[in-house]
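Visitor: I should like to learn how to read a ligand shell and a helix in a model of this kind. Could we begin with the ligands?

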Amino acid sequence: MSRVVVLDCAEYSVPVIKERLNAGIELLGGWGSFVSAGMKVLLKVNLIGPKAPETGAITHPEFVRALVQILRDLGCVVWIGDSSGGAIGGIAPTGKSFAVSGLARVAQEEGAIIKNFDKEGAVGIKPASGCVEKMYLAKPMFEADLVINLPKQKTHSAAIYTGAVKNLFGCIPGLRKAEYHRLAPRQEELGEVICDIHQAVPVGLHIMDGILAMQGEGPTAGEVYRGEKIIMGTDPLALDTVAAAMLALKVEEVPILATARERKLGVAELAKIEIVGDYDTPPRYPAFKLPRRYRRAAQTNTAFLRRVIAFFKTRPRINKKLCRDCNMCVESCPVQAIDREGKLIDYDTCIECMCCHELCQYEAVELKRENPLAALLTRIYGYH
Ligand code: SF4
Ligand code: SF4
């Protein structure tokens, strides 16, 4: 039986968040069972790119500030770390992401240390899945005495949902992430890579920022949804099982979580998860929007619905009117499917990883219906 704490928290007020986090940790054994004075504690945030906190795309800096203050008062040395996706001019934008997100300022004001995973060195591990001979992960993950994972509760246009399990993909430094997308183009395969990371890196605690969640076309271009929740636990799969249920998603509908269940990363049956805090069952988010291309029907296996899925299939297309020619998508595409000059996508090469959609800061990579009739129906009836 795994325990997951679900708490109400309506605002990014540091005193309120601290009170909530302290109440939640009591239900997991208290801070004393996780930390002691002098420990180096790494907060692994979700810093997907240079995004402002109001977008709901990143772990909110005031959420991180609350945790830094708690840990600092307990005598810990606090690190804040991640590696953003994408590349411009062959350089991952992690430094810029720390500045734009406000996390660099929080670190400076609260005496925490920024760990830019692209610059801190890497440790080679042998992945359990054998997908590659050696996988390189950010060194601070192994140097910290405790890693606390701070995912965001979001939809994902390719993965459907992203949370505690997927957040560790950011432990792969810089541009190597694209290489894993190329090696593991299907979400189930990417799930194997992510499970390898979880099995290699000891993470003691997972605390999800669901105060401002993201709905629709996440993880960067979706809409903000006021989830007003904090979700905590030591089992990342149990946490995600509960957090996904809040969005009306089952584990089997999220391929990465389904792989994590097969790999026995944690508990994935709601009946075997003890939910405590302000709720004893997953509180549902009313009128929450899932990503268009992975609506519930798209996850079933009937032949009819498979035809429906094919009919409504979407693929990325670059809107030249919105494009600013930054070339983030061109340089991040794992299979070099995007033409640098014309911004045309070679669909014979494209593996539909949706990295371009995820990483474009100007929302210029749109997901378009492939079938003109489906596109027309979408326009007329607003089908998603
Ligand atoms: S589509 Fe977006 S990421 Fe690609 S070049 Fe244009 S602005 Fe940059
Ligand atoms: S074009 Fe976009 S979706 Fe296709 S492989 Fe490249 S990054 Fe992935």
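Guide: This is a predicted model. A shell is read by asking who comes nearest. Among the 14 residues around ligand 2, the nearest are Cys333, Cys350, Cys353, Cys355 and Cys356.

Visitor: How many residues of each class does the shell around ligand 2 have?

Guide: That shell has 13 nonpolar residues, 1 charged residue and no polar ones; cysteine counts as nonpolar in this scheme.

Visitor: Which residues surround ligand 1?

Guide: The residues around ligand 1 include Cys323, Cys326, Cys329 and Cys360, together with Arg324, Asp325 and Asn327. By class, the shell of ligand 1 has 9 nonpolar, 1 polar and 2 charged residues.

Visitor: Let us turn to a helix. Which residues of helix α3 are buried?

Guide: Within α3, which spans residues 94–101, the buried residues are Thr94, Ser97, Phe98 and Ser101. They lie on the same side of α3, because the arc they cover around the axis is only 100°.

Visitor: What covers the buried residues of α3?

Guide: The cover includes two helices, α2 (61–73) and α4 (103–110), and two strands, β3 (77–82) and β4 (113–116). Just after α3, Gly102 adopts a positive phi of about 90°.

Visitor: And how is the chain as a whole to be read?

Guide: One begins with its elements and its burial. The chain has 13 helices and 15 strands, and 50% of its 384 residues are buried. Of the contacts between residues at least 6 apart in sequence, 75% join residues at least 24 apart.

Methods:
Residues numbered from 1 in each chain as written. Chains lettered and ligands numbered in written order. Predicted model: local features only at pLDDT ≥ 70, side-chain atom pairs only at ≥ 80, totals over all residues. Near = placed C-beta within 6 Å. Buried ≥ 20, exposed ≤ 12 C-beta atoms within 10 Å, placed from the backbone. Helix = DSSP H or I, 4+ residues; strand = E, 2+ residues; numbered from the N terminus. Arc of directions from axis to C-beta. Contact = placed C-beta atoms within 7 Å.
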